[in-house]
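Visitor: Take me to a single helix and look at it closely. Then work outward to whatever surrounds it.

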Amino acid sequence: MDDILNRLARCVEYGKTDKAASYPPDMKGQDGADELAKQALEQGIKPDEILEKSLVLAMAAVGDRFTRKEIYVPQMLMAARAMNAAMKHLKPYFQSGETKRKGKFIVGTVAGDLHDIGKNLVAMMVEGGGWEVIDLGTDVSTEKFLKAIDENPGAVVGLSALLTTTMENMKKTVAAIREKHGAMQILVGGAPVTMDYCKKIGADFYSPDPQGAVNYLRQFGA
Amino acid sequence: MRTILIGTSSEVAIDTEGPVVIIGESINPTRRKKLVTTLQERDFAYVLELAESQIRAGADVLDVNVGFPGVDDESLLPEAVIAIQEKFDVPLCLDSPNPRAIEAALRVMKGKALINSVNGKEESLRTLLPIAKKYNAAIIGLCMDDDGITNEPEKRAAIAGKIIERAVSEGIAAGDVIVDPLAMAVGAEPQACLVTLETIRLVNQNFGNNITMGASNISFGLPGRESLNAAFISVSILYGLSCPIANPEKITGAIRATDLVLGRDDYAVRFVGHFQNQP
(Lines give C-alpha, C1' and ligand atoms only; values in the text may rest on other atoms or scores of the structure.)
Protein backbone atom coordinates (compact mmCIF):
# COMPACT_ATOMS: atom_id res chain seq x y z
CA MET A 1 0.00 0.00 0.00
CA ASP A 2 2.75 2.41 0.95
CA ASP A 3 4.43 1.71 -2.33
CA ILE A 4 1.55 2.93 -4.47
CA LEU A 5 0.99 5.98 -2.26
CA ASN A 6 4.70 6.84 -2.49
CA ARG A 7 4.61 6.46 -6.24
CA LEU A 8 1.52 8.66 -6.45
CA ALA A 9 3.17 11.28 -4.25
CA ARG A 10 6.22 11.24 -6.48
CA CYS A 11 4.03 11.75 -9.58
CA VAL A 12 2.28 14.72 -7.97
CA GLU A 13 5.50 16.26 -6.72
CA TYR A 14 7.15 16.08 -10.15
CA GLY A 15 4.06 16.85 -12.20
CA LYS A 16 3.48 13.47 -13.86
CA THR A 17 -0.21 13.84 -14.73
CA ASP A 18 -0.91 10.58 -16.51
CA LYS A 19 0.78 7.83 -18.48
CA ALA A 20 0.64 9.79 -21.74
CA ALA A 21 2.28 12.90 -20.24
CA SER A 22 5.75 13.53 -21.67
CA TYR A 23 6.90 15.40 -18.56
CA PRO A 24 9.01 14.77 -16.64
CA PRO A 25 11.10 12.93 -19.29
CA ASP A 26 12.58 10.42 -16.87
CA MET A 27 9.07 9.12 -16.00
CA LYS A 28 8.04 8.70 -19.61
CA GLY A 29 5.72 5.75 -20.23
CA GLN A 30 5.09 5.14 -16.53
CA ASP A 31 1.72 5.41 -14.80
CA GLY A 32 0.95 8.94 -13.65
CA ALA A 33 -1.17 10.49 -10.89
CA ASP A 34 -4.36 9.71 -12.79
CA GLU A 35 -3.72 5.95 -13.10
CA LEU A 36 -2.16 5.51 -9.66
CA ALA A 37 -5.01 7.24 -7.80
CA LYS A 38 -7.49 4.98 -9.59
CA GLN A 39 -5.44 1.89 -8.79
CA ALA A 40 -5.10 2.89 -5.15
CA LEU A 41 -8.87 3.12 -4.81
CA GLU A 42 -9.29 -0.23 -6.59
CA GLN A 43 -6.88 -1.79 -4.09
CA GLY A 44 -9.26 -0.64 -1.37
CA ILE A 45 -7.20 2.19 0.05
CA LYS A 46 -9.50 4.75 1.64
CA PRO A 47 -9.79 8.14 -0.11
CA ASP A 48 -8.80 10.06 3.03
CA GLU A 49 -5.69 7.93 3.27
CA ILE A 50 -4.81 8.71 -0.35
CA LEU A 51 -5.33 12.38 0.40
CA GLU A 52 -3.40 12.45 3.69
CA LYS A 53 -0.60 9.99 3.02
CA SER A 54 0.08 10.92 -0.56
CA LEU A 55 -1.35 14.13 -2.01
CA VAL A 56 -0.97 16.31 1.08
CA LEU A 57 2.63 15.14 1.61
CA ALA A 58 3.49 15.68 -2.06
CA MET A 59 2.04 19.17 -2.17
CA ALA A 60 3.77 20.12 1.09
CA ALA A 61 7.06 19.02 -0.48
CA VAL A 62 6.25 21.11 -3.57
CA GLY A 63 5.41 24.13 -1.40
CA ASP A 64 8.62 23.81 0.61
CA ARG A 65 10.75 23.53 -2.52
CA PHE A 66 9.02 26.62 -3.95
CA THR A 67 9.69 28.54 -0.73
CA ARG A 68 13.38 27.57 -0.99
CA LYS A 69 13.38 28.69 -4.67
CA GLU A 70 14.36 25.21 -5.84
CA ILE A 71 11.37 25.17 -8.17
CA TYR A 72 9.40 27.93 -9.91
CA VAL A 73 5.85 28.76 -10.97
CA PRO A 74 5.70 26.35 -13.97
CA GLN A 75 6.77 23.37 -11.81
CA MET A 76 4.17 24.34 -9.22
CA LEU A 77 1.49 24.40 -11.89
CA MET A 78 2.59 21.03 -13.25
CA ALA A 79 2.31 19.59 -9.75
CA ALA A 80 -1.14 21.14 -9.43
CA ARG A 81 -2.25 19.55 -12.67
CA ALA A 82 -1.05 16.14 -11.48
CA MET A 83 -2.78 16.68 -8.14
CA ASN A 84 -6.04 17.51 -9.94
CA ALA A 85 -5.73 14.34 -12.02
CA ALA A 86 -5.58 12.31 -8.80
CA MET A 87 -8.13 14.44 -6.95
CA LYS A 88 -10.73 13.89 -9.66
CA HIS A 89 -10.98 10.23 -8.54
CA LEU A 90 -11.48 11.30 -4.92
CA LYS A 91 -14.11 13.98 -5.59
CA PRO A 92 -17.11 11.59 -5.61
CA TYR A 93 -16.20 10.55 -2.06
CA PHE A 94 -15.98 14.17 -0.96
CA GLN A 95 -19.30 14.98 -2.56
CA SER A 96 -21.11 12.00 -1.00
CA GLY A 97 -19.73 13.04 2.38
CA GLU A 98 -17.98 9.69 2.83
CA THR A 99 -14.65 11.49 3.03
CA LYS A 100 -14.41 14.76 4.90
CA ARG A 101 -11.98 17.50 4.12
CA LYS A 102 -10.38 19.75 6.72
CA GLY A 103 -12.59 22.71 6.06
CA LYS A 104 -13.52 25.28 3.47
CA PHE A 105 -11.21 27.98 2.19
CA ILE A 106 -12.73 30.90 0.28
CA VAL A 107 -10.16 32.72 -1.86
CA GLY A 108 -10.18 35.61 -4.31
CA THR A 109 -8.25 38.60 -5.65
CA VAL A 110 -9.73 41.86 -4.36
CA ALA A 111 -11.76 44.37 -6.37
CA GLY A 112 -9.97 46.24 -9.15
CA ASP A 113 -7.17 43.66 -9.36
CA LEU A 114 -6.96 41.09 -12.16
CA HIS A 115 -3.79 39.28 -11.03
CA ASP A 116 -4.51 35.61 -10.48
CA ILE A 117 -1.26 33.63 -10.44
CA GLY A 118 -0.44 34.09 -6.76
CA LYS A 119 -4.05 33.50 -5.78
CA ASN A 120 -4.17 30.33 -7.91
CA LEU A 121 -0.97 29.00 -6.34
CA VAL A 122 -2.39 29.51 -2.87
CA ALA A 123 -5.70 27.91 -3.88
CA MET A 124 -4.01 24.79 -5.23
CA MET A 125 -1.65 24.46 -2.27
CA VAL A 126 -4.52 24.77 0.19
CA GLU A 127 -6.54 22.24 -1.78
CA GLY A 128 -3.47 20.02 -1.77
CA GLY A 129 -3.39 20.52 1.99
CA GLY A 130 -6.75 18.72 2.23
CA TRP A 131 -9.13 21.69 2.16
CA GLU A 132 -12.12 22.36 -0.04
CA VAL A 133 -11.38 25.54 -1.99
CA ILE A 134 -14.02 27.99 -3.14
CA ASP A 135 -12.24 30.18 -5.69
CA LEU A 136 -14.11 33.42 -6.38
CA GLY A 137 -11.66 34.49 -9.10
CA THR A 138 -10.25 37.99 -9.60
CA ASP A 139 -11.70 41.49 -9.17
CA VAL A 140 -13.94 40.17 -6.36
CA SER A 141 -16.18 42.75 -4.70
CA THR A 142 -16.70 42.89 -0.94
CA GLU A 143 -20.33 41.84 -1.50
CA LYS A 144 -19.21 38.72 -3.34
CA PHE A 145 -16.86 37.76 -0.52
CA LEU A 146 -19.63 38.32 2.05
CA LYS A 147 -22.09 36.24 0.03
CA ALA A 148 -19.64 33.33 -0.22
CA ILE A 149 -19.00 33.55 3.53
CA ASP A 150 -22.76 33.43 4.22
CA GLU A 151 -23.09 30.38 2.00
CA ASN A 152 -20.17 28.57 3.63
CA PRO A 153 -20.39 28.96 7.40
CA GLY A 154 -17.17 28.19 9.25
CA ALA A 155 -14.95 28.82 6.25
CA VAL A 156 -11.59 30.55 6.35
CA VAL A 157 -11.07 33.35 3.83
CA GLY A 158 -7.98 34.39 1.85
CA LEU A 159 -7.56 37.72 0.03
CA SER A 160 -4.96 38.53 -2.60
CA ALA A 161 -3.81 41.94 -3.90
CA LEU A 162 -0.92 42.50 -6.29
CA LEU A 163 -0.94 46.26 -6.63
CA THR A 164 -0.22 48.96 -4.08
CA THR A 165 -3.29 50.68 -5.48
CA THR A 166 -5.65 47.74 -4.82
CA MET A 167 -4.41 47.05 -1.29
CA GLU A 168 -6.85 49.73 -0.22
CA ASN A 169 -9.69 47.49 -1.42
CA MET A 170 -8.22 44.62 0.59
CA LYS A 171 -8.48 46.83 3.67
CA LYS A 172 -12.12 47.68 2.90
CA THR A 173 -13.08 44.04 2.35
CA VAL A 174 -11.34 42.91 5.55
CA ALA A 175 -13.15 45.64 7.50
CA ALA A 176 -16.52 44.59 6.06
CA ILE A 177 -15.90 40.92 6.87
CA ARG A 178 -14.81 41.79 10.43
CA GLU A 179 -17.93 43.83 10.96
CA LYS A 180 -20.24 40.94 10.05
CA HIS A 181 -18.12 37.95 11.10
CA GLY A 182 -15.92 39.14 13.97
CA ALA A 183 -13.96 35.97 14.72
CA MET A 184 -13.47 34.75 11.18
CA GLN A 185 -9.93 33.80 10.13
CA ILE A 186 -8.73 36.11 7.36
CA LEU A 187 -5.49 35.46 5.47
CA VAL A 188 -3.91 38.03 3.15
CA GLY A 189 -1.13 37.86 0.58
CA GLY A 190 0.37 39.33 -2.58
CA ALA A 191 3.61 41.06 -3.62
CA PRO A 192 3.07 44.45 -1.91
CA VAL A 193 1.44 43.02 1.25
CA THR A 194 3.47 42.74 4.46
CA MET A 195 2.89 41.39 7.99
CA ASP A 196 2.70 45.01 9.19
CA TYR A 197 -0.03 45.78 6.69
CA CYS A 198 -1.86 42.57 7.60
CA LYS A 199 -1.95 43.65 11.26
CA LYS A 200 -2.84 47.22 10.41
CA ILE A 201 -5.94 46.25 8.46
CA GLY A 202 -7.04 43.69 11.05
CA ALA A 203 -6.38 40.47 9.11
CA ASP A 204 -5.09 37.40 10.96
CA PHE A 205 -2.22 36.08 8.91
CA TYR A 206 0.19 36.98 6.13
CA SER A 207 2.64 34.69 4.40
CA PRO A 208 5.10 35.62 1.66
CA ASP A 209 4.66 32.16 0.11
CA PRO A 210 1.77 29.68 -0.40
CA GLN A 211 3.16 26.98 1.91
CA GLY A 212 3.09 29.45 4.81
CA ALA A 213 -0.69 29.69 4.40
CA VAL A 214 -1.06 25.89 4.34
CA ASN A 215 1.06 25.53 7.48
CA TYR A 216 -0.94 28.22 9.28
CA LEU A 217 -4.24 26.54 8.36
CA ARG A 218 -3.17 23.29 10.07
CA GLN A 219 -4.46 24.61 13.41
CA PHE A 220 -7.98 25.08 12.02
CA GLY A 221 -10.53 22.79 10.46
CA ALA A 222 -11.26 19.16 11.22
CA MET B 1 3.73 56.76 -36.91
CA ARG B 2 5.23 59.21 -34.45
CA THR B 3 4.30 60.22 -30.94
CA ILE B 4 6.02 63.33 -29.63
CA LEU B 5 6.44 63.68 -25.87
CA ILE B 6 7.94 66.77 -24.30
CA GLY B 7 9.80 67.25 -21.03
CA THR B 8 10.46 70.67 -19.54
CA SER B 9 12.00 71.69 -22.87
CA SER B 10 13.25 68.86 -25.05
CA GLU B 11 11.25 66.51 -27.22
CA VAL B 12 11.35 62.75 -27.42
CA ALA B 13 9.96 61.25 -30.63
CA ILE B 14 8.64 57.71 -30.36
CA ASP B 15 8.68 56.32 -33.87
CA THR B 16 7.40 52.96 -35.09
CA GLU B 17 10.48 52.82 -37.34
CA GLY B 18 12.72 53.04 -34.28
CA PRO B 19 15.05 53.41 -32.55
CA VAL B 20 13.36 52.07 -29.44
CA VAL B 21 12.43 54.56 -26.72
CA ILE B 22 12.79 53.29 -23.13
CA ILE B 23 10.21 54.27 -20.50
CA GLY B 24 11.88 53.71 -17.11
CA GLU B 25 9.64 51.76 -14.71
CA SER B 26 11.46 52.15 -11.41
CA ILE B 27 9.51 55.01 -9.80
CA ASN B 28 6.84 52.57 -8.61
CA PRO B 29 6.18 51.57 -4.98
CA THR B 30 4.94 48.09 -5.99
CA ARG B 31 8.48 47.28 -6.98
CA ARG B 32 10.30 49.32 -4.32
CA LYS B 33 9.04 49.41 -0.77
CA LYS B 34 11.57 52.11 0.20
CA LEU B 35 9.60 54.48 -2.02
CA VAL B 36 6.55 54.14 0.22
CA THR B 37 8.37 55.25 3.36
CA THR B 38 10.04 58.23 1.67
CA LEU B 39 6.88 59.29 -0.19
CA GLN B 40 4.83 59.13 3.00
CA GLU B 41 7.06 61.91 4.33
CA ARG B 42 6.85 63.77 1.01
CA ASP B 43 10.59 63.30 0.72
CA PHE B 44 11.46 63.15 -2.99
CA ALA B 45 15.21 62.55 -2.68
CA TYR B 46 14.83 58.84 -3.46
CA VAL B 47 12.51 59.59 -6.40
CA LEU B 48 15.16 61.93 -7.82
CA GLU B 49 17.86 59.31 -7.24
CA LEU B 50 15.79 56.76 -9.21
CA ALA B 51 15.17 59.32 -11.93
CA GLU B 52 18.86 60.07 -12.29
CA SER B 53 20.05 56.46 -12.30
CA GLN B 54 17.44 55.51 -14.91
CA ILE B 55 18.29 58.44 -17.17
CA ARG B 56 21.98 57.56 -16.89
CA ALA B 57 21.13 53.96 -17.82
CA GLY B 58 19.29 55.01 -20.96
CA ALA B 59 15.71 55.90 -20.03
CA ASP B 60 14.17 58.45 -22.44
CA VAL B 61 10.89 58.82 -20.53
CA LEU B 62 10.14 58.16 -16.83
CA ASP B 63 7.03 56.42 -15.55
CA VAL B 64 5.88 58.05 -12.30
CA ASN B 65 3.70 55.94 -10.01
CA VAL B 66 3.26 57.06 -6.40
CA GLY B 67 0.37 54.76 -5.48
CA PHE B 68 0.27 52.98 -2.13
CA PRO B 69 -2.47 52.32 0.43
CA GLY B 70 -3.82 55.43 2.06
CA VAL B 71 -2.03 57.81 -0.31
CA ASP B 72 -3.52 61.15 -1.26
CA ASP B 73 -2.21 60.87 -4.80
CA GLU B 74 -4.20 63.88 -5.96
CA SER B 75 -1.66 65.99 -4.09
CA LEU B 76 1.32 63.62 -4.10
CA LEU B 77 1.51 62.93 -7.85
CA PRO B 78 1.65 66.67 -8.76
CA GLU B 79 4.25 67.27 -6.05
CA ALA B 80 6.39 64.40 -7.33
CA VAL B 81 6.11 65.65 -10.90
CA ILE B 82 7.15 69.17 -9.89
CA ALA B 83 10.12 67.79 -7.94
CA ILE B 84 11.29 65.72 -10.92
CA GLN B 85 10.81 68.54 -13.43
CA GLU B 86 12.83 70.94 -11.29
CA LYS B 87 15.87 68.72 -11.90
CA PHE B 88 15.29 66.75 -15.10
CA ASP B 89 14.13 67.49 -18.62
CA VAL B 90 12.78 64.04 -19.64
CA PRO B 91 9.10 63.58 -20.54
CA LEU B 92 7.00 61.87 -17.88
CA CYS B 93 4.48 59.06 -17.99
CA LEU B 94 1.80 59.62 -15.33
CA ASP B 95 0.86 56.25 -13.88
CA SER B 96 -2.23 56.17 -11.65
CA PRO B 97 -5.64 54.46 -11.59
CA ASN B 98 -7.06 57.75 -10.27
CA PRO B 99 -8.02 60.17 -13.11
CA ARG B 100 -8.20 63.06 -10.64
CA ALA B 101 -4.56 62.50 -9.66
CA ILE B 102 -3.58 62.44 -13.33
CA GLU B 103 -5.47 65.65 -14.02
CA ALA B 104 -3.97 67.33 -10.97
CA ALA B 105 -0.47 66.44 -12.20
CA LEU B 106 -1.19 67.56 -15.77
CA ARG B 107 -2.38 70.90 -14.44
CA VAL B 108 0.99 71.73 -12.85
CA MET B 109 3.47 70.06 -15.17
CA LYS B 110 5.42 71.33 -18.14
CA GLY B 111 5.63 69.75 -21.57
CA LYS B 112 3.58 66.96 -23.06
CA ALA B 113 3.00 63.93 -20.86
CA LEU B 114 1.93 60.34 -21.45
CA ILE B 115 -1.06 59.04 -19.46
CA ASN B 116 -0.71 55.48 -18.12
CA SER B 117 -3.33 54.37 -18.77
CA VAL B 118 -6.68 54.41 -20.54
CA ASN B 119 -8.40 51.09 -21.27
CA GLY B 120 -11.38 49.98 -23.31
CA LYS B 121 -13.82 50.21 -20.39
CA GLU B 122 -16.54 52.77 -21.01
CA GLU B 123 -15.84 54.58 -17.76
CA SER B 124 -12.14 54.85 -18.53
CA LEU B 125 -12.74 56.22 -22.03
CA ARG B 126 -15.37 58.67 -20.82
CA THR B 127 -13.25 60.01 -17.98
CA LEU B 128 -9.73 60.08 -19.36
CA LEU B 129 -10.03 61.00 -23.04
CA PRO B 130 -11.39 64.52 -22.33
CA ILE B 131 -8.57 65.04 -19.81
CA ALA B 132 -5.96 63.94 -22.37
CA LYS B 133 -7.48 66.31 -24.93
CA LYS B 134 -7.70 69.23 -22.53
CA TYR B 135 -4.05 69.02 -21.48
CA ASN B 136 -2.67 67.82 -24.83
CA ALA B 137 -1.34 64.56 -23.41
CA ALA B 138 -0.65 61.29 -25.20
CA ILE B 139 -2.24 58.13 -23.79
CA ILE B 140 -1.39 54.49 -23.31
CA GLY B 141 -4.39 52.37 -24.41
CA LEU B 142 -4.56 49.06 -22.54
CA CYS B 143 -6.08 46.18 -24.53
CA MET B 144 -8.73 45.23 -21.97
CA ASP B 145 -12.35 46.30 -21.57
CA ASP B 146 -15.52 45.74 -19.56
CA ASP B 147 -15.22 41.99 -20.27
CA GLY B 148 -11.79 41.87 -18.66
CA ILE B 149 -8.70 40.41 -20.34
CA THR B 150 -9.06 38.17 -23.37
CA ASN B 151 -6.44 35.73 -24.62
CA GLU B 152 -7.49 36.15 -28.23
CA PRO B 153 -5.11 38.49 -30.10
CA GLU B 154 -7.84 39.55 -32.54
CA LYS B 155 -10.04 40.72 -29.67
CA ARG B 156 -7.18 42.53 -27.96
CA ALA B 157 -6.35 44.30 -31.24
CA ALA B 158 -10.03 45.19 -31.68
CA ILE B 159 -10.02 46.87 -28.26
CA ALA B 160 -6.94 48.85 -29.36
CA GLY B 161 -8.88 49.90 -32.45
CA LYS B 162 -11.81 51.02 -30.35
CA ILE B 163 -9.61 53.12 -28.05
CA ILE B 164 -7.89 54.77 -31.05
CA GLU B 165 -11.25 55.49 -32.70
CA ARG B 166 -12.74 56.98 -29.55
CA ALA B 167 -9.61 59.07 -28.94
CA VAL B 168 -9.73 60.45 -32.48
CA SER B 169 -13.43 61.29 -32.10
CA GLU B 170 -12.50 63.30 -28.98
CA GLY B 171 -10.01 65.28 -31.06
CA ILE B 172 -6.86 63.43 -29.98
CA ALA B 173 -4.38 62.62 -32.79
CA ALA B 174 -4.29 58.89 -33.61
CA GLY B 175 -0.52 59.03 -33.18
CA ASP B 176 -0.98 60.11 -29.59
CA VAL B 177 -2.43 56.71 -28.68
CA ILE B 178 0.27 54.23 -27.72
CA VAL B 179 -1.13 50.70 -27.50
CA ASP B 180 -0.32 48.28 -24.65
CA PRO B 181 -1.10 44.73 -25.87
CA LEU B 182 -0.75 43.34 -22.27
CA ALA B 183 2.10 41.07 -21.29
CA MET B 184 1.21 38.19 -18.97
CA ALA B 185 3.41 35.73 -17.09
CA VAL B 186 4.70 32.98 -19.36
CA GLY B 187 5.48 30.79 -16.33
CA ALA B 188 1.75 30.44 -15.72
CA GLU B 189 0.59 30.17 -19.32
CA PRO B 190 2.95 28.80 -22.00
CA GLN B 191 1.15 30.69 -24.80
CA ALA B 192 1.11 34.05 -22.98
CA CYS B 193 3.99 35.65 -24.89
CA LEU B 194 2.73 34.40 -28.25
CA VAL B 195 -0.65 36.03 -27.59
CA THR B 196 1.14 39.32 -26.89
CA LEU B 197 3.36 39.01 -29.97
CA GLU B 198 0.41 38.30 -32.24
CA THR B 199 -1.47 41.27 -30.75
CA ILE B 200 1.55 43.49 -31.43
CA ARG B 201 1.70 42.24 -35.01
CA LEU B 202 -2.01 42.90 -35.57
CA VAL B 203 -1.95 46.37 -34.01
CA ASN B 204 1.14 47.27 -36.02
CA GLN B 205 -0.39 45.99 -39.24
CA ASN B 206 -3.95 47.28 -38.76
CA PHE B 207 -3.37 50.64 -37.06
CA GLY B 208 0.37 51.36 -37.22
CA ASN B 209 0.45 52.93 -33.76
CA ASN B 210 3.35 52.96 -31.37
CA ILE B 211 3.33 50.06 -28.93
CA THR B 212 4.44 49.82 -25.30
CA MET B 213 4.15 47.18 -22.60
CA GLY B 214 5.21 46.43 -19.06
CA ALA B 215 7.59 43.81 -20.31
CA SER B 216 8.96 42.67 -16.95
CA ASN B 217 5.64 40.97 -16.09
CA ILE B 218 6.30 38.04 -18.36
CA SER B 219 9.10 36.57 -16.25
CA PHE B 220 7.13 36.52 -12.97
CA GLY B 221 7.79 33.37 -10.95
CA LEU B 222 10.81 32.30 -13.02
CA PRO B 223 14.59 32.38 -12.57
CA GLY B 224 16.81 34.16 -15.11
CA ARG B 225 14.35 37.00 -15.43
CA GLU B 226 16.78 39.36 -17.16
CA SER B 227 17.52 36.87 -19.95
CA LEU B 228 13.86 36.11 -20.46
CA ASN B 229 12.81 39.77 -20.47
CA ALA B 230 15.59 40.61 -22.93
CA ALA B 231 14.61 37.78 -25.31
CA PHE B 232 10.95 38.77 -25.22
CA ILE B 233 11.62 42.47 -25.71
CA SER B 234 13.96 41.76 -28.64
CA VAL B 235 11.42 39.61 -30.46
CA SER B 236 8.62 42.07 -29.64
CA ILE B 237 10.63 44.94 -31.14
CA LEU B 238 10.81 43.04 -34.43
CA TYR B 239 7.01 42.72 -34.33
CA GLY B 240 6.44 46.43 -33.59
CA LEU B 241 7.12 47.20 -29.93
CA SER B 242 8.54 50.74 -29.95
CA CYS B 243 8.60 51.99 -26.34
CA PRO B 244 8.70 49.29 -23.63
CA ILE B 245 8.24 50.18 -19.97
CA ALA B 246 11.14 48.41 -18.29
CA ASN B 247 14.09 48.82 -15.97
CA PRO B 248 16.76 50.56 -18.08
CA GLU B 249 19.48 49.47 -15.69
CA LYS B 250 18.77 45.89 -16.74
CA ILE B 251 17.46 46.12 -20.30
CA THR B 252 19.14 48.96 -22.18
CA GLY B 253 22.02 46.79 -23.43
CA ALA B 254 19.64 44.28 -25.02
CA ILE B 255 17.54 47.07 -26.55
CA ARG B 256 20.53 48.88 -28.06
CA ALA B 257 21.70 45.52 -29.39
CA THR B 258 18.31 44.85 -30.99
CA ASP B 259 18.27 48.27 -32.69
CA LEU B 260 21.74 47.57 -34.03
CA VAL B 261 20.72 44.13 -35.31
CA LEU B 262 17.69 45.66 -37.03
CA GLY B 263 19.80 48.25 -38.85
CA ARG B 264 18.51 51.21 -36.85
CA ASP B 265 21.85 52.27 -35.38
CA ASP B 266 24.31 53.41 -38.05
CA TYR B 267 27.92 52.79 -37.17
CA ALA B 268 26.68 51.30 -33.87
CA VAL B 269 26.84 54.78 -32.37
CA ARG B 270 24.15 54.24 -29.73
CA PHE B 271 25.20 50.68 -28.97
CA VAL B 272 28.85 51.57 -28.43
CA GLY B 273 27.87 54.76 -26.61
CA HIS B 274 25.80 52.81 -24.11
CA PHE B 275 28.56 50.38 -23.24
CA GLN B 276 31.23 53.12 -23.12
CA ASN B 277 29.15 54.99 -20.58
CA GLN B 278 28.66 52.07 -18.22
CA PRO B 279 30.84 52.07 -15.12
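Guide: We start at one helix in chain B, then move through its surroundings to the rest of the model.

The model is predicted, so local features need pLDDT of at least 70 and side-chain atom pairs count only at pLDDT 80 or more, while totals for chains, interfaces and linings use all residues. Residues are numbered from 1 along each chain as its sequence is written, chains are lettered from A and ligands numbered from 1 in the order in which they are written.

The helix is H5 of chain B, residues 122–134. Helices here are DSSP runs of H or I with at least four residues, strands are runs of E with at least two, and both are numbered from the N terminus. H5(B) has 13 residues. From first C-alpha to last it reaches 19 Å, close to the expected 18 Å. That expected span is 1.5 Å times one less than the number of residues.

H5(B) is not straight throughout: it bends by about 25 degrees at Leu128(B). The bend is the angle between axes fitted to the seven residues ending at a position and the seven starting there. A proline, Pro130(B), follows within four residues.

Which residues of H5(B) are buried? They are Ser124(B), Leu128(B), Leu129(B) and Ala132(B). Buried means 20 or more other C-beta atoms within 10 Å of the residue's own; exposed means 12 or fewer, and partly exposed lies in between, with C-beta atoms placed from the backbone. An α-helix has 3.6 residues a turn, so residues three or four places apart point the same way. The bend residue, Leu128(B), is thus named twice: at the bend and among the buried residues.

The cover over these buried residues includes helix H4 (99–108), strand E6 (114–119), strand E7 (138–142) and helix H6 (153–169) of chain B. Just after H5(B), Asn136(B) takes a positive phi of about 50 degrees.

Strand E6 deserves a stop. It holds Ser117(B), which a cis peptide bond joins to Asn116(B), with omega about 10 degrees.

Now the core. The largest nonpolar core has 83 residues. Such a core is a set of buried Ala, Val, Leu, Ile, Met, Phe, Trp, Tyr and Cys residues joined through C-beta atoms within 7 Å. Those with the most contacts inside it include Leu92(B), Leu114(B), Ile115(B) and Ile139(B). H6(B) supplies the largest share of this core, 6 residues. Leu92(B) touches Val61(B), Leu62(B), Val64(B), Val81(B), Ile84(B), Met109(B) and Ala113(B), leaving out residues up to four places away in sequence. Contact here means C-beta atoms, placed from the backbone, within 7 Å.

Two more buried sites sit elsewhere in chain B. Glu25(B) lies in strand E3, residues 23–27. With 26 C-beta neighbours inside 10 Å, Glu25(B) counts as buried. Beyond four places in sequence, Glu25(B) touches Asp63(B), Gly214(B), Ser216(B), Ile245(B), Ala246(B) and Asn247(B). Glu25(B) and Asn65(B) are 40 residues apart in sequence and 8.7 Å apart in space, C-alpha to C-alpha.

Ile233(B) is in helix H8, residues 225–239. It counts as buried because it has 23 C-beta neighbours inside 10 Å. Its contacts, neighbours within four places aside, are Ala215(B), Leu241(B), Pro244(B), Ala246(B), Ile251(B), Ala254(B) and Ile255(B). Ala246(B) is thus listed for Glu25(B) and for Ile233(B).

The loop between helix H9 (248–261) and helix H10 (269–277) of chain B holds Tyr267(B) and Ala268(B). Phi is near 55 degrees in Tyr267(B) and near 55 degrees in Ala268(B). Tyr267(B) is exposed, with 8 other C-beta atoms within 10 Å. Ala268(B), with 14 C-beta neighbours inside 10 Å, counts as partly exposed.

Finally, the partner chain. The contact takes 15 residues from chain B and 14 residues from chain A. The chain B side divides into 10 nonpolar, 5 polar and no charged. Ala, Val, Leu, Ile, Met, Phe, Trp, Tyr, Cys and Pro count as nonpolar, Asp, Glu, Lys and Arg as charged, and the others, Gly among them, as polar. In chain A, a cis peptide bond joins Tyr23(A) and Pro24(A), with omega about -15 degrees. Pro24(A) lies in the loop between helix H1 (2–14) and helix H2 (33–42) of chain A.
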